[in-house]
Amino acid sequence: MSRTSRMFLGFVVGFVAGAVLLTVMRALVGLSPLAAIPALSAGFTPFFNALAPLLSAGLLLGAVGLMLGLDPALGLARGLVGMAIGFVLGILLTHFVRLGLGLGWDAESAWVGGASLAPIGFLLGVGALSDWLKWTRGMHTPEQHGPPAGRPAWTRYFGFDQNHKVIGVQYTVTGILIMGVGGTLAMIFRTELAAVGRQFLSPDAFNTYISLHGIIMIASILLGIGGLANYLVPLMLGASDMAFPRLNGFAFWLTVPSAILIIMAIFFGGWDTGWTGYAPLSVRGPIGINFFMIGMFYFGFSSILGSLNLIVTTLKMRAPGMNLFRMPIFVWAILSTSLIQLTATQFIGLSFLMVVLERNLQMGFFNPAEGGNVILFQHLFWFYSHPAVYIFILPGLGIISELLPVFSRKPLFGYKWIALSSMAIALMGFLVWGHHMFAAGIEDALRVPFMYSTMLVAVPTGVKFFSWLGTVWRGKLFFPTPMLFVLAAIAVFLIGGLTGPPLATISTDLHLHDSYFVVGHFHATMFGGFVFPFFAALYFWFPKITGRMYNERLGQIHWALQTVGFYTMSLTMARAGLLGMRRRIVDYDPALGVEGMQLIVTIAGYIIFLGVLIGVYNLWISAKRGQVAAINPWGSRSPEWQIPSPIPEHNYAEPFEVVGDPYDYGLPGSVYVNMSPSRGAAASTPAH
Amino acid sequence: MTAEAHTPPAGGISPAKRLQMNRLGLWLFLLSETFLFGGILAARFYLWGATRPHLDQILGLSVTAMLLVSSFFINRAEVAIKHDDRIEFLRSTGITILLGLLFLVGVVGLEWRTAPVNPATGGEFGIYGDVLFFMTGMHAFHVLTGVILLGVVAYLGYKGHFHARNFYGVEAAAIYWHFVDLVWVFFYPALYLMGVAVGPGH
Ligand code: HEM
Ligand SMILES: [Cu+2]
């Protein structure tokens, strides 16, 4: 059979299997086999309701079949099969344990059991555990280098690989894919909100989509950060790989089943709590909530292991001569981010675990009738989730500080201050979580201290702004796409920073809480702190990663659409919020007078979406057909730019030595790295 | 791909450095776990405040003693393997595993069954049962993973895998065991000693 027909057959078999499986699954949960995910409600509803879940499940398993047909040895395909087996085993196991305890069939516990084992099945299938299992039998396993023997090079991107650059690309691409899913959801519910009245989404569908949008975007940000950090940190430090390459691959592949679990929630009644999953709503909502929470639990575990790896790499694998204050500033940012991620993440795992236990074992942590306390959930949740917002932005701010000197041909202003401000933000981020709870009825005595601690975080953030201004001041600026994104990032993050203090002030927050002002605020921080810098980084390192140049014209169009769209969107959101527009509601009162603004927000959202699409198209097409790029097109001093593109499997042919400061652009005779110390040659600042 | 792709990297990591990195990684993992158990403790104080349920003090003291003594034995095992004394290593690891299992039997097998907060014994007592089961359950899960880890280490040691120049596996398992033990040192008073005993029982 030819490969094409095998792929076709695989798809058809997978599709049918998916549709049948879903019908059975839903029947077991007690949902009617045909009624839908909380789907579109008006118009063609009955038809769509019946078909949407079947179609999606069919497509999902169809994709597995297609991959198996393409190449049955592909890690991803095996992982998915393992995940399905894990699911079934988990369901059976839970059921038998219940039988042993004299309890009957319970659909929800069964699914929770299945979802808990599924990621382990995936990891076994993809091969992420093979080496470790061999170790327990006393076998030695060499580290894997290069693509799997005797197979085409592209296959390594779809399987368990230990090279940090491969893993970096895996993270980044997965992140962009997931961002596409989350963005599409946003376009759907933004269309619903464009006018007063209910257009085509049922309230349940609306709630599910906004919740899913929020958490998927968070997952995509974490993946994007994982991508940048894994790819760049070893290169910048002069290491040949991360400290623990197997753990690195393991952490990446754990994110895939987690993301699948989170998306699966949509098949099980969705969930209507928003990304925050507040109890008691999350304790009473549909079964889908379990999938979201278990998915996040595993995702968090992956974050913890990934950041552990980055910290050890940073502390132990720096090139000779690179003391802490000669590290690239991006590495400082990742170090501070990783410290938060390593520790705080436990709390979101903990709070979600407690909700799942409360749902399935009838515990009462958050149930006042049993002596529990709902506020406890918010404390645990925000103790992670506020520091988490700094996880999202610190790497992006690091990218800004990293690129500005290159495009200004001037030293980074106040290097030490920037480095330490990242650490300060990371540590102070632990002291402010209560500002999310001013309106929730927390202890009065806690409100004012949280207000002041929150205001204090603005200080180290301000330090960064001053340093950026000082860096571009009287520089020789030039403006290719990455620089455009860096400048837009600063401008956008500024809105995020300025909308923060009114929220941190108790008196004004009581009005603004849970309004579109908050929505405008955090979108500005996340776009300025992550999305814009992320694209800046993608365009900047693209020639190094692929060896080809992106299309400058398309890059500028992407930038223009995204910047204009975003500014319009977030400012209009903030204004609608000031006028009383609540967040997370499917419809609003025309008397608020915000309908026009809602329409503008929706249109601006489309524009951003279009811009991002063009950007992704640009990267995709240029990776295949772009012009071959010079080794160091930006005249950067960083060591990864001094070696060939794409970078060889083990990065540097021989270890380099750091002999100066990283950002002394424009200082005559200054040297950062000595690329071949054994030969005594020194690469001085390239002229631009 | 070129042959270059299959040659190991230039300037590989020396075994001494590798050991340092492994140790640092383990400590960072424990730091992360500290936050988990810290969060659980915080939840306990948030929900129970200055009260606690009536629990069997003799049982509590006995399981605590077992865990503390086990830490002594795992330390002995570690010292033994560093001196190439395989017999002593196996004996001490075995005793540690045994004590760990006894601890599990004491907590999960006895305490869970007999505690006056167990709904199964007719003692439904709301949040007191929930927090008790949650704290001991999370800790017992870690003890169980520790026992499994020690089992693997003992098996490998039995096969002659560890000796005076290769003991990191033993060391890592031992440190993890000490950590789980240390967590109990905080959990035990939080469950059995602090605050006023309220509710059914005696
Ligand atoms: C000057 C710095 C900042 C201040 C003073 C600040 C303050 C606040 C306050 C007080 C709230 C709660 C508003 C409410 O719910 O009533 C809030 C919400 C939020 N902030 Fe910030 N913030 C700052 C920077 C950031 C940054 C850098 C991010 C990062 C990405 C961020 C992300 C968020 C998110 C996601 C929410 C909404 C959470 C939710 O309820 O869903 N903020 N901010
Ligand atoms: Cu916050």
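This passage describes a metal site and a surface patch in a predicted model.

The copper ion (ligand 2) is coordinated by three histidine side chains, through ND1 of His386(A) and through NE2 of both His435(A) and His436(A), at distances of 1.8 to 2.0 Å. Along the sequence, these donor residues follow the spacing H-x48-H-H, and the pair His386(A) and His436(A), which lie 50 residues apart, links distant parts of the chain. Of these two, His386(A) belongs to helix α12 of chain A, which covers residues 374-408, whereas His436(A) is found in the loop between α13 (415-428) and α14 (444-472) of chain A. The two histidines also differ in their cover by protein: His386(A) counts as buried because its relative accessible area, 4%, is under 20%, while His436(A), with a relative accessible area of 21%, is partly exposed. The copper ion (ligand 2) is separated by 4.6 Å from the iron atom of ligand 1.

On the surface of the model, a nonpolar patch is formed by Leu68(A), Val81(A), Ile85(A), Val88(A), Leu89(A), Leu92(A), Phe96(A) and Leu99(A), which together have about 690 Å² of accessible area. Helix α3 of chain A, spanning residues 75-100, supplies the largest share of this patch, with seven residues. One of the residues in helix α3 of chain A is Leu89(A), a member of the patch. The relative accessible area of Leu89(A) is 48%, and this residue is therefore classed as partly exposed, since the value falls between the limits of 20% for buried and 50% for exposed residues.

Technical notes. Residues are numbered from 1 along each chain as its sequence is written. Chains are lettered from A and ligands numbered from 1 in the order in which they are written. This is a predicted model: local features need pLDDT of at least 70, side-chain atom pairs count only at pLDDT 80 or more; totals for chains, interfaces and linings use all residues. Side-chain values use heavy atoms; hydrogens and water are left out. Patches are made of residues with over 30% relative accessible area and no salt bridge: like charges are joined within 9 Å, nonpolar side chains (Val, Leu, Ile, Met, Phe, Trp, Tyr) within 5 Å. Accessible areas come from the Shrake-Rupley method with a 1.4 Å probe; for residues, only the protein chains shown count as cover. A salt bridge is a side-chain nitrogen of Lys or Arg within 4 Å of a carboxyl oxygen of Asp or Glu. Helices (H or I, at least four residues) and strands (E, at least two) are DSSP runs, numbered from the N terminus. Buried means under 20% relative accessible area, exposed over 50%, partly exposed in between (1.4 Å probe, protein chains only). Donors are N, O and S atoms within 2.8 Å of the metal (3.2 Å for Na, K and Ca); water is not among the atoms, so sites may look incomplete.
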